[in-house]
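Biologist: Got a minute to go through this model with me? I'd like to start with the backbone and then move on to the rings.

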Amino acid sequence: MDVGEFTGFNLSLRDPGIAWFEFNTPERLNGMTTSIKRDLIEAVTQAQMDNAVRVLVFTGSGRAFCAGDDLKAYSNADLGSQALVPDIPPGHDSALGTYNGLRTISQQLNTSIRNIDKLTIAAINGVAIQTGFSLALSCDFRLAAQGARMGSATLRFGLLPDEGGQYLLVRLLGLPGALEFLMRKKIVDADEALRLGLVNDVVEAEGLESAAMALAQELAVGPQVSMRLLKRSLYNASELDWHAALDEIAAKTAISDHHPDAREGVSAFHDKRTPSFNAWLEDKS
């Protein structure tokens with residue numbers, strides 16, 4: 001089901017509850033603008049609140065996933081599609097404008113993707129640079145097509161990876177690896193990204209959509225309450241000490257152990273059948 005064409009992306013809902021985001025300005029290499037980021041933030045927020053959505057997938061059209069910010073059109077690009085939110089000044093016209101633009105829009109997009117309880121997948125179909133790269137790293141899973149290339153490389157322009165890329169790379173590569181990657185301005189191909197642990201899998205380009213759909217469907221039929229609690233617990237565990245992490249997951253287990261999905265899982269185990277989770281969603285969707 002097509003939800004609509006918004007500023008810079010199409011959004012459709014595929015069974016069972018997969019929100020498919022496709023960046024739709026291939027002539028701009030799917031470069032981002034303030035308006036696109038604002039609409040993406042709003043769409044992700046709506047997806048968080050909508051029981052019909054279980055998994056989010058982000059991908060691009062043409063030869064790019066997203067090649068960064070579209071600097072030529074950043075201030076007033078007319079992308080010819082409806083807006084989810086009113087336009088606002090792009091900022092970045094002064095030091096304070098850049099600070100506010102980053103904290104309120106650019107960084108907030110990746111924060112929204114990381115904060116959503118539902119699982120997210122980046123299907124990296126082509127070039128993913130800076131903004132596109134950090135957005136992909138913000139997702140829970142990343143699949144890359146053969147031929148995709150990715151990196152930050154901001155130092156080539158004397159700029160910084162200012163949308164959270166430095167944080168995400170430290171967690172994926174460790175401090176030495178992040179220093180190597182960012183300071184040497186690396187842009188790597190899909191196979192090297194897989195070797196480094198930046199992506200979960202590499203597939204043939206023509207099979208990327210089906211691979212992303214297969215993963216999304218696998219995740220979407222799992223026990224959504226427990227999976228969302230576990231996602232948040234894993235993210236929290238990366239920041240908490242041992243005792244705080246134990247207390248945190250104990251509080252979440254008090255919810256999951258008493259949810260109907262847990263009863264269904266145990267019953268299916270005893271009956272030697274595949275569990276059918278998410279009756280609570282089927283009833284309300």
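Modeller: Sure, one definition before we start: helices (H or I, at least four residues) and strands (E, at least two) are DSSP runs, numbered from the N terminus. This is a predicted model, where local features need pLDDT of at least 70 and side-chain atom pairs count only at pLDDT 80 or more, while totals for chains, interfaces and linings use all residues. Residues are numbered from 1 along each chain as its sequence is written, and side-chain values use heavy atoms, with hydrogens and water left out.

Biologist: Okay, where is N278 found?

Modeller: N278 is in the loop between α9 (260–271) and α10 (279–284). Its phi is near 70°, a positive value in a residue other than glycine.

Biologist: Is N278 buried or exposed?

Modeller: N278 is buried, at 0% relative accessibility. Buried means under 20% relative accessible area, exposed over 50%, and partly exposed in between, with a 1.4 Å probe and protein chains only.

Biologist: And what is phi for Q130?

Modeller: Near 40°, again positive in a residue other than glycine. Q130 sits in the loop between β7 (127–129) and α3 (131–138), and Q130 is buried with a relative accessible area of 14%.

Biologist: Which residues does the cis peptide bond join?

Modeller: D15 and P16, with omega at about -10°. P16 lies in the loop between β2 (9–14) and β3 (18–23).

Biologist: Rings next. How many aromatic pairs does the structure hold?

Modeller: There are 5 aromatic pairs. Rings of Phe, Tyr and Trp (its six-membered ring) pair if their centres lie within 6.5 Å; planes under 30 degrees apart count as stacked, over 60 as edge-to-face and the rest as tilted.

Biologist: Why is the pair of F6 and F9 called tilted?

Modeller: Because the planes of F6 and F9 are at 45°, with the ring centres 5.7 Å apart. F6 is buried at 5% relative accessible area, and F9 is buried at 0%.

Biologist: What about F9 and F21?

Modeller: That pair is tilted as well, 5.8 Å centre to centre with 35° between the planes. It links distant parts of the chain, F9 in strand β2 and F21 in strand β3, 12 residues apart. F21 is buried too, at 0%.

Biologist: Which residues form the aromatic cluster?

Modeller: F6, F9, F21 and F58 form one cluster.

Biologist: Last thing: which ring does the charged end of R171 sit over?

Modeller: The ring of Y167, 3.5 Å from its centre. The charged end of R232 sits over the ring of Y235, 5.4 Å from its centre. The cut-offs there are NZ of Lys or CZ of Arg within 6 Å of the ring centre and within 35 degrees of the ring normal.
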